[in-house]
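Colleague: I would like to learn how to read a structure I have never seen before. Could you walk me through some features, one at a time?

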Amino acid sequence: MLPRSLPQILGLLALVGAGCVAYGVAIERRWYRLVRHRLAILPADGEGPESLTVLHLSDMHFVRGDEAKARFLASLPEADITVVTGDFLAEPEAVERVVEAVRPVRGRLASWFVLGSNDYYTPRPLNYLAYFRRHRKPRRAEGGRAPDLVAQLTADGWQDLTNLRRELVLDGLPIELLGLDDAHLRWHDLTVGPRRATDRFGVAVMHSPDSAPEAAALGYELMVAGHTHGGQVCLPLPRPVGGALVTNCSMPRRLVSGLIRMGGSVLHTSKGLGTSKYAPFRFACRPEATLLELRRIVTLEAPRDVAQLGSAQRSGR
């Protein structure tokens, strides 16, 4: 009985696997959604607004014909601040397309960005099994069009935060802002990071969350990152078995995306909106944009962890 049933079992597994891949390619990778989080994180006292909205976009991986993704971006609500944490591109030829696509989502007060490795270099195919290796050999890569991307974004009103620290005031709120280059490439410069105005609200922007522990140790209250794609392929099972298969960074699988408490800081790691054009599928990990609604800390209440601090709402088609 077993030999005769084994081919049937293998055939069924192959059929299920093919169905999952087809679903991930044809449906889920374009099943965009907007996720909203409310965070009581702004200073309880002092100047500034009662609330501030931050639209966090990441890993859009645009190709030249990305019409559905561009329409989704155009449908997003206006935010006070928009921040993109890198990997705008899936191919260098899409520079003009992505600059046009992000034009409608520029923030009312500010629009910030850093770049990721796929913006600096032309993406190449990679053996999927390589993502499971802890250490991968460096590969030769052809340079992309990062200078063109930066020039066109800044001409459109975006601010490049690559390896800089800046003090500014937005809507009356004093901010100390840190931007870091891609830690996945080891191009981040932490020497610019030490805080000089700790009375200001600290915000750190980075592509890879590998930089987050250092930024948290430096005292930046809010950190935003991308790079991980939320794992991109996840097992829809309870942890520790389920969840992301890989993170493509030093963060553990359970911290691959979402809101994460690091000491007195909060990190938001985006699942991103795209995929590499050489791995065009997602499974149990929908592409998403995130709207963070920052509110003042309520001093009368006891300290809360992120699960209590932030409430989430999801909307999508």
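Colleague: How many nonpolar, polar and charged residues are in the lining of the second largest pocket?

Modeller: To read a lining, sort its residues by class. Keep in mind that this is a predicted model. Here the lining holds ten nonpolar residues, eight polar ones and six charged ones. The pocket itself has a volume of about 350 Å³. Of its 24 lining residues, Arg239, Val256, Ser257, Gly258 and Lys271 are the closest to the centre.

Colleague: Which strands each supply at least two residues of that lining?

Modeller: They are strand E1 (33-42), strand E11 (243-244), E12, strand E13 (265-269) and strand E15 (310-316).

Colleague: E12 and E13 make me curious about the sheet. In what order do the six strands of the open sheet come?

Modeller: Reading a sheet means going from one edge to the other. The order here is E6-E7-E8-E9-E13-E12, with mixed pairing. Strand E6 (164-170) and strand E12 (258-262) are the edges, as each pairs on one side only. On average, neighbouring strands in this sheet are turned by 20° against each other, direction ignored.

Colleague: How many bridges join strand E8 to strand E9?

Modeller: Three bridges link E8 (residues 201-206) with E9 (residues 222-225), and the two strands run parallel. Within this pair, Val205 stands opposite Val224 in E9.

Colleague: Now for enclosed space. How many cavities of 30 Å³ or more does a search of the whole structure find?

Modeller: The search finds one. About 90 Å³ of space lies in the largest cavity. Its lining has 13 residues, and those nearest the centre are Val54, Ile81, Trp112, Val203 and Leu222. Two or more lining residues come from each of strand E2 (51-57), strand E3 (81-85), strand E7 (173-180), E8 and E9. E8 gives the most, with three residues. By class, this lining divides into 13 nonpolar residues, no polar and no charged.

Colleague: Last topic: how many disulfides does the structure hold?

Modeller: First the general idea: a disulfide is a covalent bond between the sulfur atoms of two cysteines. This structure holds zero of them.

Colleague: Why is the sulfur of Cys285 not in a bond with the closest cysteine sulfur?

Modeller: Because that closest sulfur, in Cys234, is 4.2 Å away, which is too far for a bond; the cut-off is 2.5 Å.

Colleague: And is Cys285 buried or exposed?

Modeller: Cys285 is buried, because its relative accessible area is 1%, and buried means under 20%. Cys20, at 30% relative accessibility, counts as partly exposed.

Terms used. Residues numbered from 1 in each chain as written. Predicted model: local features only at pLDDT ≥ 70, side-chain atom pairs only at ≥ 80, totals over all residues. Heavy atoms only, no water. Pairing = 2+ DSSP bridges. Helix = DSSP H or I, 4+ residues; strand = E, 2+ residues; numbered from the N terminus. Axes fitted to C-alpha atoms, helices over the stretch in contact; angles between N-to-C directions. 1 Å grid on protein atoms, 1.4 Å probe; cavity = no way out; pocket = protein on both sides within 12 Å on 5 of 7 lines; lining within 4 Å. Points joined across faces, edges and corners; volume = space filled by probe spheres on them. Nonpolar A, V, L, I, M, F, W, Y, C, P; charged D, E, K, R; others polar. Buried < 20%, exposed > 50% of the residue type's maximum accessible area, 1.4 Å probe, protein only.
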